[in-house]
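Dear colleague,

Please find below the structure that I am handing over to you, together with its sequence. My account of what was found in it follows.

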Amino acid sequence: MQFKMSGKVYGTAMSSISTTHMLIAAGTEDVQVRLCDIASGAFTHTLSGHREGVWAVQWSASNEWVVVTGGCDGAIRFWDIRQAGCFRVLDQFQSQTGRRPPIPKVTATKAKSLASGNLSSTKVRPPQKKGSVGNGTKSSMLLGKGVARGSGTQRQHPGMLSAQNRATAHYGAVTGLQMTNDGFHLFSAGTDSRLRLWDVESGCNTLVNYESTRIRTNKATQLAVTPNSSLVFVPCLTAIQAYDVWSGRLCSTFHGHYDFINCCSFNPQDQELYSGGNDRQILIWSPPAVVSLEEVLVSVHNAIYTRESI
């Protein structure tokens, strides 16, 4: 199976939670993002909105229909592939500090009613007043043309408003995107050497200051995050830097590659980090082996026995 793209492919992504589609989102040097269907071998969607090429693509970790894209125009756009146009454009100047407050609890009865759409309204309809004609018709209906003209206007999609449509998440190109496993937060990296953490629900920049990030300015970057969202791994030139997600503190730096690092991925099952670079090497970073007390005692016993036999 082969999909012919209109330009160089910079990034691809496939949803890890999807149960209803087999789509691959591809970002290319063209301004459009294309969705490729493995089942049919055809293009199903073309997402238009970026003004320059798209380097980063990421599917939502909580909604199989939402895909996030980052372009060379500095914009990060959210798309619901069931609808036309993007529904959110992140703005670096729209911010909030700290973690998002917990979502208020909803009673089981109200939640069930909301889900079924049977929530009844207790608002009483006021009695109609007779107009000057005296036939029981509302006085507002006498306005005629004004009502008809107002009802014909449609509210524009939030992501397509001119002011918000020009919003940018970085001062340069967006080189990498990474969603946390719970789908609540999104990391973005840019050619402005900034790593930003976004609240997905509110679309706000959390203003976490990550220390000494040195991100490449001419190629897409793949980030990685631990399953509990405690550490984020960022390729920074020839090293990988691990940051605390919430404080931005640099926890560790991994050296081993001889050239620029392009990508990294975290394996939660084996607690290993994989990295690949221009030196054509794939390195595996593993935590130090934990030695049990029993193994220490056996080693000491063997050492004593060997010394006595000598």
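The chain exposes about 18700 Å², and carbon and sulfur atoms supply 54% of that area. Please bear in mind that this is a predicted model. Of the 310 residues, 38% count as buried. The secondary structure comprises four helices and 19 strands. Where contacts link residues at least 6 apart in sequence, 46% of them join residues at least 24 apart.

Confidence

The mean pLDDT of the chain is 79, with 72% of the residues reaching 70 or more. Confidence is highest in strand β6 (residues 66–71), at a mean of 96, and lowest in helix α2 (residues 145–151), at a mean of 39. Two stretches should be read with this in mind. Over residues 102–126 the pLDDT is below 50, and beyond near neighbours in sequence this stretch has six contacts in the model. Over residues 128–156 the pLDDT is likewise below 50; here the model shows 11 contacts beyond near neighbours in sequence.

The β9 and β10 hairpin

Is strand β9 enclosed or open to the surroundings? Six of the six residues of β9 (residues 174–179) are buried, so the strand is largely enclosed by the rest of the structure. Its partner is strand β10 (residues 185–190), with which β9 pairs in the antiparallel sense over five bridges. Within this pairing, Gln178 stands opposite Phe187 in β10. The hairpin formed by β9 and β10 has five residues between the strands, and Gly183 adopts a positive phi near 80 degrees there.

Asn205

A second site that I would draw to your attention is Asn205, which lies in strand β12 (residues 204–205). Is this residue buried or exposed? Asn205 has a relative accessible area of 4%, and because the cut-off for a buried residue is under 20%, Asn205 counts as buried. Which residues does Asn205 contact, leaving aside its neighbours within four places in sequence? They are Gln92, Gln94, Ser95 and Gln96, together with Arg196, Leu197 and Trp198. The side chain of Asn205 also has a polar atom 3.1 Å from the backbone nitrogen of Leu207.

In reading the model, I would suggest taking the confidence values alongside the two sites described above.

With kind regards

Notes: Residues are numbered from 1 along each chain as its sequence is written. Side-chain values use heavy atoms; hydrogens and water are left out. pLDDT is the predictor's confidence in each residue, from 0 to 100. Helices (H or I, at least four residues) and strands (E, at least two) are DSSP runs, numbered from the N terminus. Contact means heavy atoms within 4.5 Å. Buried means under 20% relative accessible area, exposed over 50%, partly exposed in between (1.4 Å probe, protein chains only). Accessible areas come from the Shrake-Rupley method with a 1.4 Å probe; for residues, only the protein chains shown count as cover. A polar contact is a pair of N or O atoms within 3.5 Å; within protein, one must be able to donate a hydrogen and the other to accept it, and residues adjacent in sequence count only if both atoms are side-chain atoms. Two strands pair if DSSP finds at least two bridges between them.
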